[in-house]
Amino acid sequence: MTTLTDTILIVEDNAKNMKLVRDILRHKGWQTLEAVTGEEGVRLALEHKPALVLMDIQLPDIDGITALRRIREHAALDAMPVLAVSASVMPDEQQQIVSSGFDAYLTKPISLKPFIATVERFLKDGRAR
Ligand code: MN
């Protein structure tokens, strides 16, 4: 299966956050795929091979770190950047997120310009920089 070059998978269980991110990405002309649980996120990543994944950390089933680990078990998804999007402010939790292998860490509430710049950079350059 080929990678969907302009498609971004959003894994987010909060409807307001999902709408915000969806609106930002679609306004930029990108397509979106959406999952509200970690399991569904892993499934859609495997099924569609999006160009990029935006992963919430706190999810109703498996958390975003576990979902990332499952995604990284698949060699076919090696080139797919996965960015954490989390409101976490606890230093130890933030450290855990950073050290768990995400390609970048974006904070909630979303700051529009840096958010878009980071997404554009990973869409253009992929994981290898
Ligand atoms: Mn959440």
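A residue counts as buried when its relative accessible area is under 20%, as exposed when that area is over 50%, and as partly exposed in between. Keep that cut-off at hand for the exercises below, which all concern a predicted model.

**Exercise 1. Find how many residues of β3 are buried, and which strands pair with β3.**

Solution. Start with the cover: seven of the seven residues of β3 are buried. Next, look at the partners. β1 and β3 run parallel and are joined by five bridges; within this pairing, Val-11 has Met-55 of β3 as its bridge partner. β3 and β4 also run parallel, with four bridges between them. Here Val-53 is matched with Val-82 in β4.

**Exercise 2. Identify the protein donors of the manganese ion and say where the two aspartates sit.**

Solution. Step one is to list the donors: Asp-13 and Asp-56 each offer OD, and Gln-58 offers O, at 2.0 to 2.2 Å from the ion. Step two is their spacing along the chain, which reads D-x42-D-x1-Q. Step three places the aspartates: Asp-13 belongs to the loop between β1 (4-11) and α1 (15-27), while Asp-56 belongs to strand β3 (residues 50-56). The two are 43 residues apart, so the pair links distant parts of the chain.

Now classify them with the cut-off from the top. Asp-13 has a relative accessible area of 37%, so this residue is partly exposed. Asp-56 has 6% and is therefore buried.

**Exercise 3. Describe the largest nonpolar core and its contributors.**

Solution. Begin with a general expectation: in soluble globular proteins, nonpolar side chains tend to be buried together. In this model the largest nonpolar core holds 22 residues, and Leu-9, Met-55, Ile-71, Val-82 and Phe-102 have the most contacts inside it. The elements giving two or more residues to this core are β1, β2 (31-35), α2 (38-48), β3, α3 (64-72) and β4 (82-86). The top contributor is α3, with four residues.

Then zoom in on Phe-102. Setting aside residues up to four places away in sequence, Phe-102 touches Met-55, Ile-57, Gly-64, Ile-65, Leu-68, Val-82, Leu-83, Ala-84 and Ile-97. Finally, another core of 18 residues lies apart from the largest one; its members include Val-21, Leu-54, Leu-106 and Ile-110.

**Exercise 4. Decide whether Gly-126 is buried or exposed, and find its contacts.**

Solution. Locate the residue: Gly-126 is in the segment after α5 (112-125). Its relative accessible area is 17%, so Gly-126 is buried. Leaving out neighbours within four places in sequence, Gly-126 contacts Pro-81 and Arg-121. For a spatial reference, take Ala-79: this residue and Gly-126 are 47 residues apart in sequence, with 6.8 Å between their C-alpha atoms.

**Exercise 5. Check the overall fold and the dimensions of the chain.**

Solution. Count the elements: there are five helices and five strands, arranged from the N terminus as β-α-β-α-β-α-β-α-β-α. For size, a compact globule of 129 residues would have a radius of gyration near 14 Å; the chain has 13 Å, which agrees. The C-alpha trace spans about 40 × 30 × 30 Å along its principal axes.

Two more figures round this out. Of the 129 residues, 44% count as buried. Among contacts between residues at least 6 apart in sequence, 63% join residues at least 24 apart. The surface can close the exercise: the chain exposes about 6,900 Å², of which carbon and sulfur atoms supply 53%.

Technical notes: Residues are numbered from 1 along each chain as its sequence is written. This is a predicted model: local features need pLDDT of at least 70, side-chain atom pairs count only at pLDDT 80 or more; totals for chains, interfaces and linings use all residues. Side-chain values use heavy atoms; hydrogens and water are left out. Donors are N, O and S atoms within 2.8 Å of the metal (3.2 Å for Na, K and Ca); water is not among the atoms, so sites may look incomplete. Buried means under 20% relative accessible area, exposed over 50%, partly exposed in between (1.4 Å probe, protein chains only). A nonpolar core is a set of buried Ala, Val, Leu, Ile, Met, Phe, Trp, Tyr and Cys residues joined through side-chain atoms within 4.5 Å. Contact means heavy atoms within 4.5 Å. The radius of gyration is taken over C-alpha atoms; the globule rule is 2.2 Å times the number of residues to the power 0.38. Accessible areas come from the Shrake-Rupley method with a 1.4 Å probe; for residues, only the protein chains shown count as cover. Two strands pair if DSSP finds at least two bridges between them.
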